[in-house]
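Grab a coffee and open the structure in your viewer. Below are some exercises, each with a worked solution to check yourself against.

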Amino acid sequence: MDEHKIHLRPPLWLPVIVVLILGGSFVYGKQIESRGAPATISVSGEGKVTAAPDIASLSFGVETGRKRTAQAAMESLQTSMQAIIDGIQEEGIAEKDIRTQSLRLNPAYDWEEGTRIERGFEAFQNLNVKVRDLEKVGKVLSAATLAGANQVGGVSFTIDEPETLREQARAEAIDDAKERAMKLADDLGVRLGKLQGFHEGGGGAPVYMERAMMMDSVGMGGGGPEPLPVPGGEQEIQVNVSLTYEVR
């Protein structure tokens, strides 16, 4: 019995059609991909608002020196601190604006030929005082030192409610960024589309005075120092924003 074999060959045009179909799919896929990720530009803007601070934060306290017992050190500290608190309250400082910043009781000792010699105890207490009338900053410092404060840590000035100023600075920063975006789009020959992203940063910083300068100016003598002039200057609230736009 004869076997008949049939050989089927694909037409010559079939591979060409397959290549065209696959290539077209690839190009179409790239077009869809590019449409899913539109071109964007990012610009930054800055806004600044300057204002005088309205709050001062003072730091000062007492170091008792060496006392024979821990009880004696703490009693000495209590007497000194009460006198200081009474003195600054006479200058109009409310009780709610006075808080303890640190309180320590340490043993005191010396070393002689490698041997530790106990010398009693030392007590320390520092206060943080908020002054809402800046014209009284010098008077409060003078009253504290006159009452017995022998440690002055520093003064910082802040704005009690800065959010209103921050909103003004933010509005200026956004306007600045928008102007930059329009200028950049014009230079590139494109048009701005929808806003795609927003980021904000920045803020104000308090003004600090050096501890050594404060102690020298107030003076630790016994004659009762004159009110110390402590200018607060101005504080700057700065906001930086970044805007990202779609471009066409």
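**Exercise 1.** Find which strands helix 4 lies across, and how the sheet under discussion is ordered.

*Solution.* Start with helix 4, residues 163-188: in this predicted model it lies across strand 1, strand 6 and strand 8. Its direction is about 145° to strand 1. Next, trace the sheet: three strands in the order 1-8-6 make an open sheet with antiparallel pairing. Strand 1 (40-51) and strand 6 (192-201) are the edge strands, each pairing on one side only. On average, neighbouring strands of this sheet are turned by 25° against each other, direction ignored. Now zoom in on one pairing: strand 1 and strand 8 (residues 235-247) run antiparallel and are joined by 12 bridges. To get your bearings there, look for glycine 45, which stands opposite valine 241 in strand 8.

**Exercise 2.** Work out whether strand 2 is largely enclosed or open, and which strands it is joined to.

*Solution.* First, count buried residues, using the cut-off of under 20% relative accessible area. Seven of the nine residues in strand 2 (residues 55-63) are buried, so the rest of the structure largely encloses this strand. Second, look at the partners. Strand 5 (residues 151-158) runs antiparallel to strand 2 and is joined to it by seven bridges; here leucine 58 stands opposite valine 155. Strand 4 (residues 115-131) is also antiparallel to strand 2, with eight bridges between them. In that pairing, phenylalanine 60 has leucine 127 as its bridge partner.

**Exercise 3.** Identify the residues with the most contacts inside the largest nonpolar core, and say which element gives the most to this core.

*Solution.* A bit of background: in soluble globular proteins, nonpolar side chains tend to be buried together. Here the largest nonpolar core has 23 residues, and Leu58, Phe60, Ile84, Ile88, Val129 and Val131 have the most contacts inside it. Then ask where the core residues come from: strand 2, helix 2 (70-89), strand 4, helix 3 (137-147) and strand 5 each supply at least two. Helix 2 gives the most, with five residues.

Take phenylalanine 60 as a test case. Setting aside neighbours within four places in sequence, its contacts include Ile84, Ile88, Leu127, Val129, Val140, Leu141 and Ala144. Another core, of 16 residues, lies apart from the largest one, and among its members are Ile159, Leu165, Leu243 and Tyr245.

**Exercise 4.** Is alanine 73 buried or exposed, and what is it in contact with?

*Solution.* Locate alanine 73 in helix 2. Its relative accessible area is 0%, so it is buried. Next, list the contacts, leaving out neighbours within four places in sequence: Thr64, Lys67, Leu105, Phe121, Glu122 and Ala123. One distance to check in your viewer: alanine 73 and glycine 120 are 8.7 Å apart, C-alpha to C-alpha, while 47 residues separate them in sequence.

For a contrast, jump to glutamate 113 in the loop between strand 3 (98-112) and strand 4. With 86% relative accessibility, glutamate 113 counts as exposed. Glutamate 113 also has a positive phi of about 55°, although it is not a glycine.

**Exercise 5.** Which residues are joined into one network by salt bridges that share partners?

*Solution.* The whole structure holds 12 salt bridges. Begin with arginine 66 and aspartate 110, whose side chains meet at 3.0 Å, N to O. Arginine 66 sits in the loop between strand 2 and helix 2 and aspartate 110 in strand 3, so this pair ties together parts 44 residues apart in sequence. Then add glutamate 112 and arginine 119, another salt bridge at 3.0 Å, N to O. Put together, salt bridges that share partners join Arg66, Asp110, Glu112 and Arg119 into one network.

Finally, check accessibility. Arginine 66 is partly exposed at 44%, as is aspartate 110 at 25%. Glutamate 112 is partly exposed at 45%, and arginine 119 is partly exposed at 34%.

**Exercise 6.** Which stretches have pLDDT below 50, and how many contacts do they have beyond near neighbours in sequence?

*Solution.* Start from the overall picture: the mean pLDDT is 80, and 73% of the residues reach 70 or more. Residues 25-34 are below 50 and have zero such contacts in the model. Residues 204-224 are below 50 too, but this stretch has 41 such contacts.

Definitions and conventions. Residues numbered from 1 in each chain as written. Heavy atoms only, no water. Buried < 20%, exposed > 50% of the residue type's maximum accessible area, 1.4 Å probe, protein only. Helix = DSSP H or I, 4+ residues; strand = E, 2+ residues; numbered from the N terminus. Pairing = 2+ DSSP bridges. Core = buried A, V, L, I, M, F, W, Y, C linked by side-chain atoms within 4.5 Å. Contact = heavy atoms within 4.5 Å. pLDDT = per-residue confidence, 0-100. Axes fitted to C-alpha atoms, helices over the stretch in contact; angles between N-to-C directions. Salt bridge = Lys/Arg side-chain N within 4 Å of Asp/Glu carboxyl O.
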